[in-house]
Amino acid sequence: MIKQNLKLFFKTKIIFIPVIILLVCFLGNLVYSCYSFSLNNDVLIYLKNSIKLCLLSFVILCFTSYEFFYLYKRCYIDEALYSHKNGKTRILTSTVTVLLFIPALEFFSAFVFNFVIFLSSGMNDYSYLYHIFSVLFLYVFLGGIIPILLGVFFAQKTKRIVSYALMALIIFLVSSTSDFIPGGLSQVTKINFWEAKYFLAYILPNDLEWYINHDYGMYAEIYRWNLIIFWISLLSFLFFKLCQIKKTALKAVLLSLTLLISTFNLVGYFYGGSHIEKGAQLDSISMSDYLFYTENEQKNQDPDFEVTSYDMDLSIYRQLDAEVSMTLSDTGLEYYNFTLYHGYNVLKITDIEGNALKYNREGDYVTVIGNGNLQLISIKYSGYSPILYSNYQACSLPGFFAYYPIPGFHKITGDYTTYNPIEIKSGTEFNIRVDSARQFYSNLDEVKNEKNCFVGVTSYPTLFSGFYKSNSSDIYKIYAITVKGWGLSEIDEEYIDEIQKYINELDNNSSNKLNLKEYTIIQINEMLSSNCIYDGIFLGDDTVFINKATDEETKKQVAEILLAQRDMGYSKYVEKAVVDSESINDN
């Protein structure tokens, strides 16, 4: 039956020609993107370009699938075949099998091209190959199954005009063309209508016109897999309903299985998780915190106590799930104030014996009510930030951000859209355990033979994962981004030596020399650079966030900024830099 359908496919121009156009466009895009890669040497831009035609593929596969099945109806072939045993089932399954060759060919060709690009880039982070596979399999192959099953259903159940109207409506809703609908409604009503849009639109890749986070990669979060598998399993349920399977027990099993899978993934999708949105959506990096901080007052209040040690159990898959125990310096206070970013929902707060403690939560601020002899506070919470992500794909949690309870009340943002690093004056003992399939890194020391377990004393307990690797040597502790990008290359010992050379030339402070050997040096990612750290450089008590400068003048400027932050502190340096920048612009 498959051979006959293949012959019918190639003979029918209205089906065959659109597919040829799709494949020519798809392969042509892959070839042209090779030229772009020769200019920017950015493997992620190439991967992004590889999935740009997913909408075109969706449109043509939906049309082709419908026309292929409608062909049987139009020629009355189905009536003759349906009269045979399992005739309808054989038609449906063999035709779908033939159509599945199209997204399979797209996926295979895209993977081969990306694999060649990976080899030519000189990268040695082979986890990126898995990322290529997962992104292409998710959007190109699995995403291509959905329009095929839609076409099958419409061809069997609706008339031609109604079918085309419904397919056009679905294509409109999944494409960015319809963004003005949830955008307008959300602005007027302050209700997030984007959630309804996502339920269809996330079967296609989004944010393809925005900059890429090279430590994160393309979006392939768990909940996106949930959504695409939900739609496939739901449409498969309808597909098996259409099939005339003689064995009722087999049909019942198939229907039950697809319904169970669709339900499981629907729940998984709405469970959500940490993700990145860069558009005008209410939960995007530009809107989510802006809307919150314009309506919620920020506070500054020094703490009346100190946390002498932290014991942190973190689980990072869909989002950050944390249980943090804090030993207190003063046990008899009436109130204990903490800053914890509002995106993390407090689940419970207990004392050393597990007894529940009363507390108040106002935005970023948590006030725990003392019990007269409070030696330890344990806070259980979960959630994520739209800017500083924490999921299976990557994690970016700098120690100056309140992803853990920080004593006192602190302002997290200055302009409502970016984060201010919270300056912490004294170091604290940390014991952090991270449950994750990913390898994590930190400025703290990793415990030998224990994956993702970190201990030590610091003011800024920083955790990060994704496309990072250790470039450490006997001299420096360095963590670099492995994915090469446009203007992005790994920081290494040679580069840090050059920065240290300029520091030595410019450093006039004989009593407090800045020596990068004493710091953990982390290559800054795009999100931190554009939304958290001024000039993309941060100097903590034992941590440096930095990027790789390409010319000598910029390297010298990096050294000057590091020295200025050492002498003035980060916040004072930023204040001066902003004033200097404004005066230059005025002149």
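Which side chains meet in a salt bridge at 3.2 Å, N to O? They are those of K555 and E552. This pair belongs to a predicted model, and a search of the whole structure finds twelve salt bridges. Side chains of opposite charge can pair when their charged atoms come close. The points below take up several of these contacts and then the membrane annotation.

**A salt bridge within helix α16**

- K555 and E552 both lie in helix α16, three residues apart, which means that about one helical turn separates them.
- K555 has a relative accessibility of 7% and counts as buried, because the cut-off for buried is under 20%.
- E552 has a relative accessibility of 39% and therefore counts as partly exposed.

**Salt bridges between distant parts of the chain**

- R566 forms a salt bridge with D507, and their closest N and O atoms are 2.9 Å apart.
- The R566 and D507 pair links distant parts of the chain, with the two positions 59 residues apart in sequence numbering.
- R566 sits in helix α16 (residues 552–568), whereas D507 sits in the loop between α14 (493–506) and β17 (520–523).
- Both partners, R566 and D507, are buried.
- K197 and D179 also meet through their side chains in a salt bridge, at 3.1 Å from N to O.
- The K197 and D179 pair likewise links distant parts of the chain, the two residues being 18 residues apart.
- K197 is in helix α10 (residues 194–201), and D179 is in the loop between α8 (160–174) and α9 (180–189).
- K197 is buried, with a relative accessible area of 9%, whereas D179 is partly exposed at 27% relative accessibility.

**A salt-bridge network**

- D311, D313 and R433 are linked to one another in a network of salt bridges.

**Transmembrane annotation from UniProt**

- An unreviewed UniProt entry places the feature "transmembrane region" at residues 12–38, 50–71, 91–116, 128–154, 161–181, 222–240 and 252–272.
- In the model, residues 12–38 are 96% helix and 0% strand, and the C-alpha atoms at the ends of this span lie 40 Å apart.
- Residues 161–181 are 76% helix and 0% strand, with end C-alpha atoms 25 Å apart.

Notes
Residues numbered from 1 in each chain as written. Predicted model: local features only at pLDDT ≥ 70, side-chain atom pairs only at ≥ 80, totals over all residues. Heavy atoms only, no water. Salt bridge = Lys/Arg side-chain N within 4 Å of Asp/Glu carboxyl O. Helix = DSSP H or I, 4+ residues; strand = E, 2+ residues; numbered from the N terminus. Buried < 20%, exposed > 50% of the residue type's maximum accessible area, 1.4 Å probe, protein only. UniProt positions renumbered as here; feature names shortened; annotations may be inferred.
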